[in-house]
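Please open the structure in a viewer and keep the sequence beside it. The tour below proposes selections in turn and states what each one shows.

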Amino acid sequence: MTVNTHEQRHGSKMEWLTPLWIFEALGVEFDLDVCAPVGRPTHVPAARSYTIEVDGLLAPWQGRVWMNPPFGTANGVHEWLHRFYQHGNGIGIIRADTPTSWWHDYVSQSPVIVLPRGRVRYINNNEGQEKAHGGPGFASALFCAGDECAAILRDRGHRIGAAWDRAAQTTNSAHAAVARK
């Protein structure tokens, strides 16, 4: 398995828990967190959760899901993203690793992608607090599946960072083509 140098220096950390401010900015509740930590505090506002003890890839998904997949498994990300888009109703956060095949195969197809301002300071301690230093050495992106979740990111993504809207991009490209004629 290939991991980036930051992960090699910090023990190939796979769990980077999403900080509370992301959920406050989104202002929604989820029916299911499909990748919850075992025995650690979490800020995910979800009615139910699956941990590694319950294989979230195999267990049934219902309603609006939140997905923050394990970051240390480059090849495993394909499986999580496939399942996420197959389910078709959710919001997730992932490494913004645009050159990878999984980014192009899955994340780039999201109706809305939000790139948080600065690096997300994930929670990686047992107290549930953001780490001021020592966060992951990569940028992150929020992505979605389904009309309802796209509308949430469209409406509230600016609270987190820069939002790219596939529908608006298509519309803007069409206007630019007309303007050139």
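Begin by selecting C144 and C149 and displaying their sulfur atoms. The cysteine sulfur closest to that of C144 belongs to C149, at a distance of 6.6 Å, which is too far for a bond. A disulfide would require the two sulfur atoms to lie within 2.5 Å. C149, for its part, is in no disulfide, and its nearest cysteine sulfur is that of C144. This is a predicted model, and a search of the whole structure finds zero disulfides.

Keep C144 selected and add a surface. Is C144 buried or exposed? C144 counts as buried, because its relative accessibility is 0%. Turn next to C149: with a relative accessibility of 0%, C149 is likewise counted as buried.

Now select the whole chain and leave the surface on. Of its 181 residues, 44% count as buried. The area that the chain exposes is about 9400 Å², and 51% of this area is supplied by carbon and sulfur atoms.

Replace the surface with a cartoon and colour by secondary structure. How many helices and strands does the chain contain? The cartoon should present six helices and seven strands. Followed from the N terminus, the elements appear in the order α-α-β-β-β-α-β-α-β-β-α-β-α.

Finally, display the contacts within the chain. Among contacts with a separation of 6 or more, 69% are made by residues 24 or more positions apart. To close, return to C144 and C149, both at 0% relative accessibility, with 6.6 Å between their sulfur atoms.

Key:
Residues numbered from 1 in each chain as written. Predicted model: local features only at pLDDT ≥ 70, side-chain atom pairs only at ≥ 80, totals over all residues. Heavy atoms only, no water. Helix = DSSP H or I, 4+ residues; strand = E, 2+ residues; numbered from the N terminus. Buried < 20%, exposed > 50% of the residue type's maximum accessible area, 1.4 Å probe, protein only. Contact = heavy atoms within 4.5 Å. Areas by Shrake-Rupley, 256 points an atom, 1.4 Å probe, with all protein chains shown as cover.
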